[in-house]
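I opened this model to go through its chains, contacts and strands. My notes are below, in the order in which I looked.

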Amino acid sequence: MELRAVHERCSGCRACELACALANFREMNPAKSALGIEGRFPVPGDYRIHLCDQCGACAEACPEDAIALHGEAYLIDHDLCIGCLLCVDACPHGVLYVHASTETPIKCTLCGACAEICPRGAILMEGGA
Amino acid sequence: MLFGYAGHTVEINLTTGQVTKTPLPEDLARDYIGGRGFVARLLWERISRGTDPFGPQNLLITATGPMSGHLVPASGKTHFGTKSPATGGYADSNMGGHFGPALKYAGYDVLILSGRASRPCYLFIEDETVELRPAEGLWGQGAITTEEELRKELGDEFKIVTIGPAGENRVRFACISHDFGRQAGRTGVGAVLGSKNLKAIAVKGTGGLPVFDVDGLFGKGREAYEKVKAKPGFAGWTPEGTAGITDWVNEVGAFPTRNFQTSFFPGYKNINGRAVVDRLKITDKGCFCCPTPCGKYGKAKTTLGEVYVEGPEYESIAMLGGDCTLGSIEEVAYANYVCDELGLDTISAGGVAAWAMECFEQGILTEEQVGRKIRFGDLESVVYLLEKMAAREGIGDLLAEGVMRASKELGQGSEDFAIHVKGLEWTGYESRNAPGMMLAYMTADIGAHHNRAWALGHDVAGSAASVHDLISAGGSKGKLAKASVSGKADRVIELQHIRPLFDCLGICRLQYMELGFEVENYEELFFLVTGRKMSWPELLQVSERVWHLTRSFSVREIEGFGRRSDYPPPRFFKEPVPDGPNKGHFLSKDELNTLLDEYYAARGWDENGIPTDLTLRRVGLADVADALSAGK
């Protein structure tokens, strides 16, 4: 399974960000989500969905081997992570996030909560193992 | 702990720069819920009788509701309240977008601005950091340009509200702008920001909100999204948004045309929702957490140039299209953009421009006074008037006062077609054969505004059908019979409690009003967010309390306020509609008085429309009753 963005369907409501934070942190706080919605206004006037595609660049950058592939998702081992944030810099999509309340970065777990809530079909959970 | 709320009020004295943070009072949350309720109560308590709307003593209050920012359908609403420069009475205006949720994530339910800065500045909020920053470089810039500049400087995570030149120049119907196309448009809230020398507010919040039952809300919130998606109106409403109602309003003869001379615009198919989608739209643009985005963002090309603009929404189509008689959706969109950039409310600005063009037609305004020839249907005329009023240049200085004051100064019968109530220009529903809607406009607390009680559907269909059902059923195909004026008060009062309740909760009413999403869902969502078990009727009681309070505020602030403040302009009770489905109809003064008599009696107000001592005590406003009887 993987997440796929259909940018032109997005209307910028950011329910995906809320659902992500609720699913992964049980918090009503979009600042703790592992994806981002960018509104490109006033020109060209559209949205871009920034998603993790599990490319593994973060794992390659991690000096502690704290990020590893589990099934289809790269997950952070929070016991091993030293919070150096090299993975955040290495992420080609800018979707590893830093938040003051967490010692380690916030990364997509491929839980699918964003795709499930999206009323527009702009984020899709696709494929199979 | 107050679940659902961020938990704090922050006040900034712009004169001294002092920032004061206080816990949100529990009794305020209990008795007024949030949003509009907070605004109404705080204005009543904090504003002294006789305050000048443009004086440093006036307050500009921003308030969210307990459900703002949560996983609840359409939780992006924010309220702005003040003593209105348009009416001198109670004022609030709300907008969607993302600003209110950001304010809550930063830790604040309520933001109070008092005093006046000595030089142009903007307010910067990043979680605990609250500070005033210089904005000399932004002063004079457009509202959209200012948002673009600040976002470049601060980053995309900041949610920003701005004013344009109209707000700076204290145009009495200047708006507050946000997210490149959302506005708190009405009552001149933008002019009050301008009077305080505040150009913008930028907020970034990274904190979470306390939820009574977070797992329950996550589950119920997801379920609510599914239920909304399953509503028959979901697929029908979203593609065109509010613009989709244009055809129906024309077919039932309620479309403002040529300064409300008539109520049907023959060219409506050229400015309707279909035209927006087919000819302008780039993307749907939704507010925070909304599954049914009304916003259509697009591009329009006219003889005056090409613009990117959100909309036009229905109200802008009605007031710039029908009322100013602009004949193509591109022209309406262009005028809409000009309003947005200048920081003008499209509703009032459209109404003022239409009034000026009728004055010109009748020779009451001359070419010499105006500075050029102006005429209905001419984009250049409309844009000229918008630019003049925003700058208060030449004729614009008179127009910036709004139609009530401008017509009083100009005289010569121009008052008869100055289309307003209480000093606030009328919105997009002509009501000479819609007595419920007429009563709703007459008694709306902020002046002639439709969103306190949209009774037109009831006037036309006699039922509580959702807006989508009404549109689907279609309008009339011929001439309409004259509507009866009796029995309207109860329905109007019911509606005046429903929609303003959503304004207290901090969520948009659209899923309920337009799609028929059941109220039981809101009872449960409110409980999961706040932990308070309140039935829908109990919630409506809060809304009723707020209604009596806002009326009392205007009674206190406006000399001679009462029945005489509730009449529409003479055009609506003297001139029959000249053509269209409602040809020949109007409401006589006697009929208007019948509407008001029934309404005041049902409200528990006296014959002059003043809340009685008994009524105020019944709804939990004993201190207000005491103050009014003491003449304070």
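These entries run from confidence to the chain contact, then to the domains, a sheet and one residue.

**Confidence**

I noted before anything else that this is a predicted model. For the complex, the predictor reports an ipTM of 0.97 and a pTM of 0.97. I looked up chain B and found a mean pLDDT of 96, with 100% of its residues at 70 or more.

**Contact between the chains**

I looked up how many residues each chain brings to the contact: 31 residues come from chain B and 26 residues from chain A. On the side of chain B that touches chain A, I listed the elements giving two or more residues, which are helix H4 (143–154), helix H7 (214–230) and strand S13 (281–285) of chain B. H7(B) gives the most to this side, six residues. I then sorted the side of chain B by class and got 18 nonpolar, six polar and seven charged residues.

**Domains of chain B**

I recorded three domains in chain B: domain 1 covers 8–204, domain 2 covers 212–254 + 429–632, and domain 3 covers 256–417. The C-alpha centres of domain 1 and domain 2 of chain B are 25 Å apart. In the contact of these two domains of chain B, 39 residues of domain 1 meet 35 residues of domain 2. On the domain 1 side of that contact, helix H1 (26–32), helix H2 (35–46), strand S4 (78–83) and strand S5 (90–95) of chain B each supply at least two residues. H2(B) has the largest share of that side, with seven residues. By class, the domain 1 side has 14 nonpolar, 17 polar and eight charged residues.

**A sheet in chain B**

I traced an open sheet of six strands in chain B, in the order S8-S7-S12-S9-S10-S11 and with mixed pairing. Its edge strands are S8 (129–134) and S11 (182–184) of chain B, each of which pairs on one side only. From one strand to the next, the twist averages 20 degrees. Inside the sheet I checked S9 (residues 159–162) and S10 (residues 176–178) of chain B, which pair in the antiparallel sense over two bridges. Val161(B) has His178(B) as its bridge partner in S10(B). H4(B), which I had already listed at the contact with chain A, lies across S9, S10 and S12 (198–204) of chain B and runs at about 150 degrees to S9(B).

**A hairpin in chain A**

I turned to S2(A) and S3 (residues 46–50) of chain A, which pair in the antiparallel sense over five bridges. Five residues sit between the strands of this hairpin, and Gly45(A) takes a positive phi near 85 degrees. Which way do the side chains of S2 (residues 36–40) of chain A point? They alternate: Ile37(A) and Gly39(A) point to one face and are buried, whereas Gly36(A), Glu38(A) and Arg40(A) point to the other and are not buried. Gly39(A) has Tyr47(A) as its bridge partner in S3(A).

**Glu38(A)**

Why does Glu38(A) count as partly exposed? I found 15 C-beta neighbours inside 10 Å, so Glu38(A) falls into that class. Leaving out residues up to four places away in sequence, Glu38(A) touches Tyr47(A), Arg48(A), His50(A) and Asp156(B). I also looked up Leu75(A), 37 residues from Glu38(A) along the chain, and the two C-alpha atoms are separated by 24 Å.

Technical notes
Residues numbered from 1 in each chain as written. Chains lettered and ligands numbered in written order. Predicted model: local features only at pLDDT ≥ 70, side-chain atom pairs only at ≥ 80, totals over all residues. pLDDT = per-residue confidence, 0-100. Contact = placed C-beta atoms within 7 Å. Helix = DSSP H or I, 4+ residues; strand = E, 2+ residues; numbered from the N terminus. Nonpolar A, V, L, I, M, F, W, Y, C, P; charged D, E, K, R; others polar. Buried ≥ 20, exposed ≤ 12 C-beta atoms within 10 Å, placed from the backbone. Pairing = 2+ DSSP bridges. Domains from an automatic or database assignment. Axes fitted to C-alpha atoms, helices over the stretch in contact; angles between N-to-C directions.
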